[in-house]
Amino acid sequence: MTDGAFASPAAVEDPDALAVTEQAQGDLAESLRELVDACVRTRVDDGTLMAVAQEVRTLTQRLLARAQSDPLGIEATSDGRLRDHGNPMVGMRNPIAPPLAVTGDADGTMSASLCLGAAYEGPPGCVHGGMVAAVLDQVVGSAPAMIGRPGLTAYLNTSYRRPTVLGTEHVVRGWIEEVDGWKVRARGDIRDPQGRVTAEADALFVVPRWAREHLGTPTGDAAGIDPADTATQGPATS
Ligand SMILES: CCCCCCCCCC(=O)SCCNC(=O)CCNC(=O)[C@H](O)C(C)(C)COP(=O)(O)OP(=O)(O)OC[C@H]1O[C@@H](n2cnc3c(N)ncnc32)[C@H](O)[C@@H]1OP(=O)(O)O
C-alpha cells in the first residue's frame with residue numbers, strides 16, 4: 001500500500017464485464033495453484049519435466065502480451081469497492097495466495113479457515129513458519145482495517161505452540177486489543193480441528209502518516225470500540 005495506490009482500473013466499469021473478467025482472473029489463478037501443487041509433488045520423468053517447462057514458458061509469453069509493469073496496489077471500482085486481488089494472502093488473482101477468505105464483524109473480530117498443501121511445507125508435513133506468520137499478519141491486520149484504521153504492521157510477535165499441519169482445516173482468528181489514535185494493538189491465533197492453538201500473534205498496526213489525512217481524526221475509540229471492552233482474551237472458541 002503506497003500513496004496513490006487507490007487507482008480505479010477504469011473511470012466507470014461495466015459491472016457485467018468486470019464480473020466476467022474477475023471470474024476469468026480467478027479461474028486462471030486457481031489453475032496455477034493446481035500447477036504449483038503439481039510442480040512440487042510430481043514424479044514424472046526428466047523428459048516430461050523439460051517439455052512441460054517449455055510449454056509453461058510459452059503460456060507465460062501469452063499472458064505478457066498485454067501486462068502492466070507495476071504491481072496492482074489496491075484498486076477501487078467506480079462504485080467504491082476495493083480490490084486487492086494481487087495480495088499474496090487474499091488475492092484471488094494471485095496464485096501464491098491460498099487464498100484466505102477473511103470475514104469479520106464490525107467490532108473487528110475476524111476469522112478465516114486455513115488448509116495449506118505441499119507448496120507451503122516447512123518442517124516435514126507442516127506449514128512453514130514464515131507462512132504461518134504471514135497468515136496471522138493478514139488476518140490480525142484485517143481487524144484494524146475493519147474498524148476504520150487500516151494500518152501497516154509495526155511489529156508482529158508470533159509464538160509457535162504446535163506444528164500447523166498441512167492438509168488440515170485450521171481456524172485463524174484476529175481481534176482488537178486496544179485502539180490508541182492511529183495505533184491499534186491486535187491479537188490472533190490459529191487453532192487446529194481439536195481447538196488447540198498452533199500459533200498466536202500479538203501485533204501493532206499503525207496508520208502511516210501519509211494515509212492519515214484520508215481517514216479523518218482519530219478519537220481512540222474508532223467505530224464505537226471501547227478499548228476497555230476489547231482488552232479480552234478474544235472471542236470464545238466455537
Ligand atoms: C486494506 C487493508 C488490509 C489489511 C491487512 C493488512 C495486513 C498486512 C499488513 C502488512 O504486512 S504491512 C507491511 C509490513 N509493514 C511495513 O512495511 C511497515 C513499515 N513501517 C512503516 O511504514 C512505519 O514505521 C509505520 C507506518 C509503522 C510508522 O511510521 P509513521 O511515520 O507513519 O509513524 P511514526 O513513526 O510517527 O509512529 C507512529 C506511532 O507508532 C509508534 N510505533 C511505530 N513503530 C513502532 C514499533 N515498531 N513498535 C512500537 N511502536 C511503534 C510510534 O512510537 C508512534 O507512537 P506515538 O504516536 O505514541 O508517539
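UniProt positions are given here in the numbering used for this chain, and its annotations may be inferred rather than shown by experiment. The model examined in these exercises is predicted.

**Exercise 1. Describe the overall fold and its division into domains.**

Solution. Begin with the elements: the protein has five helices and eight strands. Along the sequence they follow the pattern α-α-β-β-β-β-α-β-β-β-β-α-α. Next, consider the contacts with a separation of 6 or more: 68% of them join residues 24 or more positions apart. Of the 238 residues in the protein, 24% are buried.

The domain assignment then gives domain 1 (1-96) and domain 2 (100-230). Their contact takes seven residues from domain 1 and nine residues from domain 2. On the side of domain 1 that touches domain 2, four residues are nonpolar, none is polar and three are charged.

**Exercise 2. Characterise the region that UniProt annotates as a thioesterase domain.**

Solution. The unreviewed UniProt entry lists residues 125-198 under "domain: Thioesterase". Over residues 125-198, helix accounts for 24% of the chain and strand for 42%. The end C-alpha atoms of this stretch are 14 Å apart.

**Exercise 3. Compare the length of helix 2 and of helix 3 with expectation, and establish the burial of each.**

Solution. Take helix 2 (residues 46-64) first. The expected span is 1.5 Å times one less than the number of residues. For the 19 residues of helix 2 this gives 27 Å, and the end C-alpha atoms are 27 Å apart, so the two values agree. As for burial, a residue must have 20 or more other C-beta atoms within 10 Å of its own to count as buried. The number of buried residues in helix 2 is zero, so this helix lies largely in the open.

Turn to helix 3 (129-146). Its 18 residues should span 26 Å, and the end C-alpha atoms are 26 Å apart, which agrees. The buried residues of helix 3 include Val132, Val135, Leu136, Val139, Val140 and Met146. Gln138 and Ser142 are also among them. The cover over these buried residues includes strand 3 (103-104), strand 4 (110-114), strand 5, strand 6 (170-180), strand 7 (183-191) and strand 8. After helix 3 comes Gly148, with a positive phi near 85 degrees.

**Exercise 4. Identify the surroundings of the ligand.**

Solution. The ligand is surrounded by 15 residues, of which the closest are Gly141, Ala145, Leu152, Ala154 and Pro208. The elements that give two or more residues to this shell are helix 3, strand 5 (152-160) and strand 8 (197-206). Helix 3 supplies the largest share, five residues. By class, the shell has eight nonpolar, four polar and three charged residues. One of the closest residues, Gly141, is also one of the buried residues of helix 3.

**Exercise 5. Locate Pro71 and Pro99, and state what is notable in the backbone at Pro99.**

Solution. Pro71 lies in the loop between helix 2 and strand 1 (75-76). Is Pro71 buried or exposed? A residue with 12 or fewer C-beta neighbours within 10 Å is exposed; Pro71 has 8 inside 10 Å and therefore counts as exposed. The C-alpha atom of Pro71 is separated by 9.8 Å from that of Asn87, 16 residues apart along the chain.

Pro99 is found in the loop between strand 2 (82-83) and strand 3. The peptide bond from Pro98 to Pro99 is cis, with omega near -10 degrees. As a general rule, most peptide bonds are trans.

Conventions:
Residues numbered from 1 in each chain as written. Predicted model: local features only at pLDDT ≥ 70, side-chain atom pairs only at ≥ 80, totals over all residues. Near = placed C-beta within 6 Å. Helix = DSSP H or I, 4+ residues; strand = E, 2+ residues; numbered from the N terminus. Nonpolar A, V, L, I, M, F, W, Y, C, P; charged D, E, K, R; others polar. Contact = placed C-beta atoms within 7 Å. Domains from an automatic or database assignment.
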